[in-house]
Amino acid sequence: MAVEVAEALEAAIGELRTALGTEYVMTDFHQRAIRTTNTSPMGLHQWKDLLPDVVVMPASTAQVAAVVKIANKFLIPITPRGAGAGLADGATPMKRGIIVDIKRMCDILEIDDEDMTVTVQPGINMQELNKVLRPLNVWFPDDPASYPVNVLGGRIGAGGWSLLGTGYGHVPDLVCSMEVVTPTGDIIRVGAGGGRKIRKSSVGYRLKDLFIGHQGTLGICTEVTLDLAPRPQAQLPVFFATRSWEDAHRMTLAFNRSGIRCLSGVVMFDEAKVEFLRRDDEAWIPLPEWVNSAVATICYGTSVELEAVKSSIFDIGAANGGVYMGQEISEGDWASRHDRYHLAYHGRSDGTIRLMSWSCEDAAITWSQLPTVKRRWYEIAEALVAKHPEHFDIWGMFMYTGNPFRPWGDFLTEIDIGVNELEMTPEIWADWVEAKTQIARVSVECGGSVSAAHGGTREGEVDVACYEELKDGQFDLMKRIKKMLDPNNIMNPGKYHLDEAYEDEETA
Ligand SMILES: Cc1cc2nc3c(=O)[nH]c(=O)nc-3n(C[C@H](O)[C@H](O)[C@H](O)COP(=O)(O)OP(=O)(O)OC[C@H]3O[C@@H](n4cnc5c(N)ncnc54)[C@H](O)[C@@H]3O)c2cc1C
């Protein structure tokens, strides 16, 4: 580290301690090391280059604003961090600097069960929030597979996608308004127009959406007013087994077009996913060998409503080659949707046991393009595994309904790949990044989006996201907005190639 950079850092740490108290400004190696990455695989060879210099844990909006102002004064990068369970490297400090960990800001500020909102700080976890809301018979229906671990700020930073989004909407649909500390340390509130609890307004620009899914590049959200929903009386998970993925795909279209309003999600499991669950998931109840694929449907509503649609669900499944898996599997597997990923990750396709971590490519793809995307993704993944059998393993695909409030149209389409991080080398990592680039390119070539849930900021997909998906002016506009709001490039630099916005200045 150059002398003047080290001096600036030391001076900044001094001012941070005055603003937050010594206890909440941490420079110990382990506090920094555990906040270096997120849950997406990263080769161990990269760790030392990404280690942040200091971690702060503010308790209030005023403290967050103070941290941002200090960072601007000393030109030290900031990375906002929630639970660090993102899958797009958003909370990874590409340029080191200050991690702003928001987990101390976890208070519930107001519950309004007449206008159906709750106002909270961004460090709150949704499971904890829903425990408090339960006696009032209302809930905040954001339901990602990572429900027990995420915090709200990270859900907003990533623009989160919910397993129940088809019934209740996703995170962008569930935020009424927010308070945000901008990259220069100003405190603003954005919503639908100016009303804190309003969901639909025609006044002004839709600025709220600008501050959702930006991966911490445009500010730090410090308070949020959320939309609540009545707690559903009942749920009806119905899982069907099929002989082929083609049956599952066809059946899903029939569900899409059924007009069943309480349908809150439909999920397809492909052949490789069923095979993976058979060999590697002890929560998966064994199924006969003829089962190659599956469709899960889930309805939420009143008991009367669910009773009324039950026979239609069974009829649609049977008419499309589906065999009902029974109540035990349907209810048990749906109940384990938040635990499914807590497997000991072992790649076993070559008969050996090897520790691997989970990587998920999560494109948004329309129903009609799913067969093409599936075929082309497997070609890419199989070539990678053939070249590096000890480092990668195919764990199959899921496709989930993605359209908010409507069970048709596009699907969060995920291919899961096991990655052996422990034995990673720069050369193998380069092949991995190339495979991810090809996977992302297929999504865009098929009219989709690189990511439905996690964001397109990781190595591999980020080039395709910025230069191929967001071409035709979108990426250029992003850079202009970034530079206008963040003149010093303080807020999460190194993400989405937004540093390009400052390059002319450097060469001038
Ligand atoms: C097992 C597993 C299953 C998953 N399933 C799903 C799923 O079903 N749906 C889904 O959408 N995602 C899923 N994810 C991905 C992940 O959990 C989400 O992206 C989640 O939103 C991340 O929240 P976090 O609190 O961990 O955020 P972090 O990883 O800490 O941060 C995510 C991003 O938000 C930014 N950020 C954090 N706090 C703030 C703030 N206060 N203001 C502004 N920006 C901020 C960070 O800089 C970063 O860019 C899954 C992850 C795992 C590990």
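**Entry 1. Two loop residues**

Is His497 buried or partly exposed? I looked up its relative accessible area, which is 24%, so His497 is partly exposed, given that buried means under 20% and exposed over 50%. I note at the outset that the model is predicted. His497 is placed in the loop between α17 (474-485) and α18 (503-507). I then turned to the backbone and found that phi of His497 is near 55°, a positive value in a residue other than glycine. I recorded this because most residues other than glycine have a negative phi.

I looked up Phe405 for the same angle. Phi of Phe405 is near 70°, again a positive value in a residue other than glycine. Phe405 belongs to the loop between β19 and β20. With a relative accessible area of 38%, Phe405 is partly exposed.

**Entry 2. The ligand and its shell**

Which residues come nearest to the ligand? I found 35 residues around the ligand, and Pro80, Gly82, Ala85, Asn150 and Gln215 come nearest.

I next looked up contacts made by oxygen atoms of the ligand. An oxygen atom of the ligand is 2.8 Å from an N or O atom in the side chain of Asn150. For Ala145, a polar backbone atom lies 2.9 Å from an oxygen atom of the ligand. For Gly154, the distance from a polar backbone atom to an oxygen atom of the ligand is 3.1 Å. Taken alone, the ligand exposes 980 Å², and the protein buries 96% of that area.

Which elements give two or more residues to the shell around the ligand? I listed β3 (78-81), α6 (152-158) and β10 (220-227). Helix α6 gives the most, with five residues. By kind of residue, the shell divides into 16 nonpolar, 17 polar and two charged.

**Entry 3. Arg155 in helix α6**

I stayed with helix α6 and looked up Arg155, which is placed there. Its side chain makes a polar contact of 2.7 Å with the side chain of Asp142. The relative accessible area of Arg155 is 8%, so Arg155 is buried, the limit for buried being under 20%.

**Entry 4. Salt bridges**

How many salt bridges does a search of the whole structure find? I recorded 33, and looked up several of them.

The side chains of Asp416 and Lys273 meet in a salt bridge, at 2.7 Å from N to O. This pair links distant parts of the chain: Asp416 is in strand β20 (residues 410-419) and Lys273 in helix α11 (residues 271-280), 143 residues apart. Both Asp416 and Lys273 are buried.

Helix α11 appears again in the pair of Arg279 and Asp393, whose side chains meet in a salt bridge of 2.6 Å from N to O. Arg279 lies in helix α11 and Asp393 in strand β19 (residues 392-401), so this salt bridge ties together parts that are 114 residues apart in sequence. I compared the cover of the two partners. Arg279 is partly exposed, with a relative accessible area of 24%, whereas Asp393 is buried, with 3%.

I also looked up Arg458, which forms a salt bridge with Glu461; their closest N and O atoms are 2.8 Å apart. Both Arg458 and Glu461 are buried. Finally, I noted a network of salt bridges that links Glu110, Asp112, Arg196 and Lys197.

**Entry 5. Ile198**

Where does Ile198 lie? I placed Ile198 in the loop between β9 (187-191) and α9 (207-210). Ile198 is partly exposed, with a relative accessible area of 39%. I also looked up its separation from Leu226: the two residues are 28 residues apart along the chain, and their C-alpha atoms are separated by 9.9 Å.

**Entry 6. A nonpolar surface patch**

Which residues make a nonpolar surface patch of about 310 Å²? I found that the patch is made by Leu44, Leu355 and Leu422. I looked up one of them, Leu44, in detail. Leu44 is in the loop between α2 (29-33) and α3 (47-50). Its relative accessible area is 44%, so Leu44 is partly exposed. This value fits its place in the patch, because patches are made of residues with over 30% relative accessible area.

Terms used
Residues numbered from 1 in each chain as written. Predicted model: local features only at pLDDT ≥ 70, side-chain atom pairs only at ≥ 80, totals over all residues. Heavy atoms only, no water. Near = heavy atom within 4 Å. Polar contact = N/O pair within 3.5 Å; in protein donor to acceptor, adjacent residues only side chain to side chain. Areas by Shrake-Rupley, 256 points an atom, 1.4 Å probe, with all protein chains shown as cover. Helix = DSSP H or I, 4+ residues; strand = E, 2+ residues; numbered from the N terminus. Nonpolar A, V, L, I, M, F, W, Y, C, P; charged D, E, K, R; others polar. Patch = residues over 30% accessible without salt bridge, like charges linked within 9 Å, V, L, I, M, F, W, Y side chains within 5 Å. Salt bridge = Lys/Arg side-chain N within 4 Å of Asp/Glu carboxyl O. Buried < 20%, exposed > 50% of the residue type's maximum accessible area, 1.4 Å probe, protein only.
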